[in-house]
Every structure is written in structure tokens, then in C-alpha cells.
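Hi there,

Here is the structure I promised to send over. Have a look at it first, and my notes follow underneath.

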Protein chains: 2
Amino acid sequence: MTQNQQILLASRPQGEPSAANFRLVEVPVPALADGQVLVRHHYLSLDPYMRGRMNEGKSYAQPQPLDQVMIGGTVGEVVESRHPGFAAGDKVVGMGGWQLYSVVDAGQPGLLRKVDTTHVPLSAYLGAVGMPGVTAWVGLIKIIEPKAGETVVVSAASGAVGSAVGQLAKARGCRVVGFAGGKDKCAYAVDELGFDACIDYKAHPDLKSLSAALKEAAPDGVDGYFENVGGMILDAVMLRMNAFGRIAFCGMISGYNGEPIPMAHPQLILTQRLKLQGFIVSEHMEHWPEALKELGTLVASGKLKYRETVAQGLASAPEAFIGLLKGRNFGKQLVKLI
Amino acid sequence: MTQNQQILLASRPQGEPSAANFRLVEVPVPALADGQVLVRHHYLSLDPYMRGRMNEGKSYAQPQPLDQVMIGGTVGEVVESRHPGFAAGDKVVGMGGWQLYSVVDAGQPGLLRKVDTTHVPLSAYLGAVGMPGVTAWVGLIKIIEPKAGETVVVSAASGAVGSAVGQLAKARGCRVVGFAGGKDKCAYAVDELGFDACIDYKAHPDLKSLSAALKEAAPDGVDGYFENVGGMILDAVMLRMNAFGRIAFCGMISGYNGEPIPMAHPQLILTQRLKLQGFIVSEHMEHWPEALKELGTLVASGKLKYRETVAQGLASAPEAFIGLLKGRNFGKQLVKLI
């Protein structure tokens, strides 16, 4: 009988998560019922939203239950199928969780999707051509609605979402400015991804210094801001917003461990007539087909670039996730499971 | 030769304005040129936005120039006309400023508008059927977009804008909760204007107490919030916002004198997928005809109620304005000039 390995949420973190909040267990893979499919995961996706799910309180969605497999996106291969729509060997993307195998009720719409790896690598379906890419697309295209010649700013610029935001905005004729942590990430955003400028926030410990850097990078002000972090970067960007600017709130990672992150100058919403809007990509399913089509085409043709940080083996997932929250990853954080 | 009295901005206030920031002068009314109209003002409107104009820095619009007549909405009567569209005796609304008379280039579109006082009192064109009423209409109908059964909250509930917001929302089948300063204003909002509940923020000195009162008044959470004040009330409302709630930023009077008014929990924009949008009614001229039509009909039929606080004489305008910023007025603050 095939053995499965799973990582469960053992306890809820107070502040920063630690390895002790997780527990690895080994259980047998159950036999399939009619309509089910067994998937062997090749990659697990690690994403900042998972930190929110680990809290008890109200966040995006239901909290992650204790003593159950951590949720997470996965890509892999069907190894056994009792559903007519899937066959052994099919490459699939789904929400398999932090484990080596998942048993999926393949008839339920949206749980499992076959993908074509001829021109797009399997792992990209967890990144640029997956949830992070669509997140970038929806926030940028549907909330920020950038026009050619406008200035778009994105934080966590070298990450899975931020790198796609910047490249999609460049393709629409915008000036693009990123925030990232460290010289290497900033150099990558400018030299590889084509950003017009990138600010290393670690080199600017206070608002004054950060604001001066942004003023230099965005001399005509900011029309659209894609928010992934919150805190001081949000304050600095708001002070540079042009009239009728738009801010898409996608993430506020600086507050995910419970730190207070007040917004210093909300009156700018009024004086600059801003629109601020929060969104969760899973609530905009109507845009996924159009977004995935553009993202897939861009990745296949090499026009949308991305970078991956790959941890090896399921047991490395907790440390890799903790590192993600600290910005230790470079691009999309994955765990290779095979 | 007719003498005019004018109030000029003599100096820019640091923090709260005082009478010393204004200067009353007497000057002769000039002779009319072709196309001009002389208006004798009956009422001057005092509005919170004027405080922003008194600062040097960037706000909604150009700052009020020093040593010039303070801007302001006025209603009055044409006493002399050299424009074919206006005749002596016409009742008009315009932006005549803090003075007894104004000379208007009546051919310039939007500067002067004739009004019908058969069913609507002249002063109402500065309130419920004027800029404050349209402000309420645009923020509520075009930004909050209330649906029947939803809960709408408005601050400064007994004021010129807030009282219209609440009554328009009630007419659309919403549960309406106000914030106002003092028992009398709250009783008026509930008993006269038909609000479902009104919270006296002066009786709740801290966020915990204010939040508890809001929870009781809005048991199903808040779907739309019309923001006139900012500060602790905004924090309390945000903590009660339902998913997909909308906040229209119309004013933040608690910060008009330069006080810091940080927003405590901007991460709620994300977790509750809120939309926050600032607006200025003069930038939405396309909605004025529809709004004025509804507001005029409602006032004429007695279905839209309002209250006025009337100061007597131009010289009383500075003190009345200072009182407005402190919430000493009850309903629309006017200055009677005749």
C-alpha cells in the first residue's frame, strides 16, 4: 500500500509561525471510490495568504482547521483514475495541500484541471500561469485599470505576483516602479523584468528616505499602486498618489503576524480622490479564462519572465514558508515533492 | 454709490482658525459692464470644505488667495442686469463669496443659475437642493450604491450632507445609522429624519465604547459608510464593515486643522474586500441635474427634511464658521445677509 506524507497544522502561531506549529505524519493512501482520482504531487505552492488562514479570527476565508492537512496549490500527475475525464499520466493543477498525494473528487467543478506542459513548464501553473499570475492580472487590469503613460508601482516586485504586475503594466505602456528587499531583487526587476526603477526598501529605514527615493523613481507621481505589503511603503506611496489614483489591495504581508500597520494619512483618499479596493482572486473566477490565456501566451513566448525558489522535499515546507514571510525567497516559492 | 461689505482671508490659520484670520472691508460696488449682473446676496453658505481652502498646501483645489474675498456659495436676487438672460428680481444661486453683493459675468456657464422659489425656499438651494444635497446624492447613489436591506452609516448625521444621505438611504429601503454630536442631534436624526438609530459620539470617548454602540445599532454589520469626519469613528465603522462594503470619503473634518488621523486597520480593506473612494461633488457635474431633480421634488413635497442654523449679518460669518468646525451648528449653517 502506497504511503502518503502530510503536513498538518498542529497549533496556531502567535505572531511569527515556527516549525513547531506544523506536524509531519505518514498515512496510507486510501483506495479510490468511483469518480475519484489519485494525484502524485510534483510541486507544492507556498503563498503568503496561508498565514492568514492559520489564524482563528475572521480573514479572507474559513481558518485552516487544526490537525488537518495544510491547504495549498499543487501540480502533479494522475497516477490512478476512476473518473472518465482523467487518465493516468495527465498533468493536473489543483488544491492538493501540503502532502505527497491527494485523492480528488474529480467530478466537482474547479477541483482539478488538466494542463498542457508542451510550452509551459508544469511548475509555472502554480506561478505566472496560475493563481499568482491571475491575481496580478485581476488587480492590475480590473482594479487599477492602467492607461499608457501612467505610473504604476508594485511592492514585493520580484515575487510571483509583483513580477507579473510589473511586466503586464509595462506591456500596457506604463512607467513601472517596484519595491523589493535587497539589491539583487531590485537589479533583477530592472535588468531582467524590465521595470523602469526599483527601490530597495531595506536601504531606506524611514519614511522620509523612502519617500525621497520614490519621488526620484516616480517623478510624475503615482497613478496605480498594487499593494502586497502595507505599512511604511503604503504611506510613502500614498503621499505620491496623483488625483484619481487607484490602489489594489492584494496583500499586506507586513501585518500578517499581527503587527499594527496603521495608514498614516487616510485624508489623502479624499484630497486626491483615490479609489482603494481590496480583492481576492478566487472571488473573480469570471476573469480567470481571459487572464490565463494572456499569461500562458506570454510565458510560452518568453515575454513574461519569472523566477522560482525551490525547496526540496515535503519536510522542508515549514521552513520555506517561514522564509517566504521574511522575504528570503526570490520569486515564486515552491516545494519539490518528487 | 452702493457700498459692498466683504470678508477677506487676512492670514492662514495654524490649526484652528480664529477671527483674526479674517478682515471685513467696505468697498464701493463697481459699475456693470456688458454681460454682467449685480446680485444682492440673501444668504451665504458656510461649509467645512472652506477650511481646506484656507491652507497653502495642496488640497481639493487651489488655495483661497490671501487678501481676497473668501469663496462661498450664495443665494440672492438680481438687482441690476446687463445680461439678456437675467432680469432684476430673478432669484439666483452662485458662488458669490463672503460679501453682500457680487458682480457676475453671467454669460460664463455655471456661474449663476436661476431658481424657482415657488415650492422650495431660497435658502434650501444652499443646502438640501444645493451643493450639500448633491454631495449626499453622488456619494450615496454613485459610490455606495445602496441596496434595499443593507445597512448604511453616515457621520455628521444631522448636518446638511448627512441628513440628506440618511433620508435618501431610507427611501431606498436601507437600515440607516447616524453618528452625531449630542443627544439633541441624535434625537432629531431618529425622530424627525427617520434614522433607525443614531449614536452620540460624545458619549463614547474611546473606540471600545463606540464600537459597542455601533454593534448594537448595526447588528447585521455595515454595508455602506458615508464618511464626513474621519478619526475614531472611521476606525469603529471599518471594524464593522461587511464583505464588499463601500465607503464614500466626502470629508474628514476631524483632521481639517492638521491633526494626525491615522486609520488603525487598513488591512480590513483587504480582508473584507472593501472599496474606499474619495470624491468632490464639483467633479461630478454630470449627476447634478438628476440629483437636483430628485432633491427638489422631495423638499417640495416635504419628504426630505432639513434644519438650518442662521447667523445674522456678514460680520458674524467668521465666528459661525469656527463654530461649524466645532459642530456648534445644527443642520445647514447659513449667514443671513439681508
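A residue is called buried here if 20 or more other C-beta atoms lie within 10 Å of its own, exposed if 12 or fewer do, and partly exposed in between, with C-beta atoms placed from the backbone. Please keep in mind that this is a predicted model: local features need pLDDT of at least 70, side-chain atom pairs count only at pLDDT 80 or more, and totals for chains, interfaces and linings use all residues. Residues are numbered from 1 along each chain as its sequence is written, while chains are lettered from A and ligands numbered from 1 in the order in which they are written.

Let me begin with helix 3 of chain B (helices are DSSP runs of H or I with at least four residues, strands are E runs of at least two, both numbered from the N terminus). Of its 12 residues, 10 are buried, among them Val161(B), Val165(B) and Leu168(B). The buried residues pack against helix 2, helix 4 and strands 8, 9, 11 and 15 of chain B, where a contact means C-beta atoms, placed from the backbone, within 7 Å. The length of helix 3 agrees with expectation, because its 12 residues at 1.5 Å each should span 16 Å and its end C-alpha atoms are 17 Å apart; the expected span is 1.5 Å times one less than the number of residues. After helix 3 of chain B comes Gly173(B), with a positive phi near 85°.

Now to the interface. On each side, 26 residues take part: 26 of chain A are in contact with 26 of chain B. Helix 7 and strand 13 of chain A each supply at least two residues of the side that touches chain B. Strand 13 of chain A pairs with strand 13 of chain B in the antiparallel sense over three bridges (pairing requires at least two DSSP bridges), and Gln277(A) has Lys275(B) as its bridge partner.

How are the two chains related? A rotation of 180° with 0.0 Å of shift along its axis superposes chain A on chain B, with an RMSD of 0.0 Å, by least squares on C-alpha atoms of residues with pLDDT of at least 70 in both. That is the relation of a two-fold axis. The copies meet through the same surface, because 100% of the interface residues of chain A are also interface residues in chain B.

One last residue to look at is Pro266(A), in the loop between strand 12 and helix 7 of chain A. Pro266(A) counts as buried because it has 27 C-beta neighbours inside 10 Å, and it touches Gly230(B), Ile261(B) and Met263(B), not counting residues up to four places away in sequence.

Best wishes

How values were computed
Two residues are in contact if their C-beta atoms, placed from the backbone, lie within 7 Å.
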